[in-house]
Each structure stands twice: as structure tokens, then as C-alpha cells.
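Please look through the sequence and the model below before reading on. The paragraphs that follow go through some of its parts in turn.

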Amino acid sequence: PQQYSDEAILCLMTLKVVYNLPYRQLVGFIISIFAFMKVALRIPHFTTIADRVKRLRKQFNKLSKASPT
């Protein structure tokens with residue numbers, strides 16, 4: 001079963017594209033943001049994000065720096 005919604009993965013991918021981050025740096029960035037906000041939420045492992053992106057590729061095709069959706 002999925003622990004993270006497709007929308008959560010899409011949000012992470014949006015940040016990845018906007019800030020041009022590799023997956024590991026994306027996870028560290030999110031950890032820093034949550035720590036700053038004092039929010040205790042689980043963050044998916046970078047391999048989980050990459051695997052989900054492969055499955056959701058059609059939704060991410062329009063996501064690019066030139067034209068973020």
C-alpha cells in the first residue's frame with residue numbers, strides 16, 4: 001500500500017524541478033523545511049520518490065523548468 005499520496009509526490013517533484021535538486025538533496029531540503037516549521041511529518045526516502053515518479057511519469061511530463069504546471 002502507498003504511504004504517500006500522488007499529490008505529495010507531485011509537490012516534491014515540483015520543488016525538485018523549481019530548485020533543480022537531485023533526489024537526495026530534495027529529501028534534505030524537505031527535512032530542513034519541516035524542521036524550520038517544527039512540523040513532524042514523515043518524508044519518503046529518495047528511492048521511493050524516484051520509483052513513484054516512474055509510475056506517475058505521464059503526470060510529470062508537463063513539469064519542466066520552461067513551463068511548470
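Which residues of H1 are buried? This is a predicted model, in which local features need pLDDT of at least 70 and side-chain atom pairs count only at pLDDT 80 or more, while totals for chains, interfaces and linings use all residues. Residues are numbered from 1 along each chain as its sequence is written, and side-chain values use heavy atoms, with hydrogens and water left out.

Helices here are DSSP runs (H or I, at least four residues), numbered from the N terminus. Helix H1 covers residues 6-19. The expected span of a helix is 1.5 Å times one less than its number of residues. For the 14 residues of H1 this gives 20 Å, and the end C-alpha atoms are 20 Å apart, which agrees.

The buried residues of H1 (buried means under 20% relative accessible area, exposed over 50%, partly exposed in between, with a 1.4 Å probe and protein chains only) are Ile-9, Leu-12, Met-13, Lys-16 and Val-17. Seen down the axis of H1, these buried residues fall within an arc of 135°, so they line one face of the helix. The arc is that of the directions from the helix axis to the C-beta atoms. An α-helix has 3.6 residues a turn, so residues three or four places apart point the same way.

How do H1 and H2 cross, and at what angle? Their axes come within 10 Å and cross at roughly 110°; axes are lines fitted to C-alpha atoms, for helices over the stretch in contact, and angles run from 0 to 180 degrees between N-to-C directions. H1 is therefore roughly perpendicular to H2, a term for angles of 65 to 115 degrees. The contact (heavy atoms within 4.5 Å) involves Leu-12, Met-13, Leu-15, Lys-16 and Tyr-19 of H1, and Tyr-23, Leu-26, Phe-29 and Ile-30 of H2.

Two loop residues come next. Asn-20 lies in the loop between H1 and helix H2 (23-37), and has a positive phi of about 55° although it is not a glycine. Asn-20 is exposed, with a relative accessible area of 57%. Lys-38, in the loop between H2 and helix H3 (46-55), has a positive phi of about 60° and is not a glycine either. Lys-38 counts as exposed at 76% relative accessibility.

Is Arg-52 of helix H3 buried or exposed? At 5% relative accessibility, Arg-52 counts as buried. Leaving aside neighbours within four places in sequence, Arg-52 is in contact with Gln-2, Tyr-4, Ser-5, Asp-6 and Ile-9.

Terms used. Angles under 35 degrees count as roughly parallel, over 145 as roughly antiparallel, 65 to 115 as roughly perpendicular and the rest as oblique.
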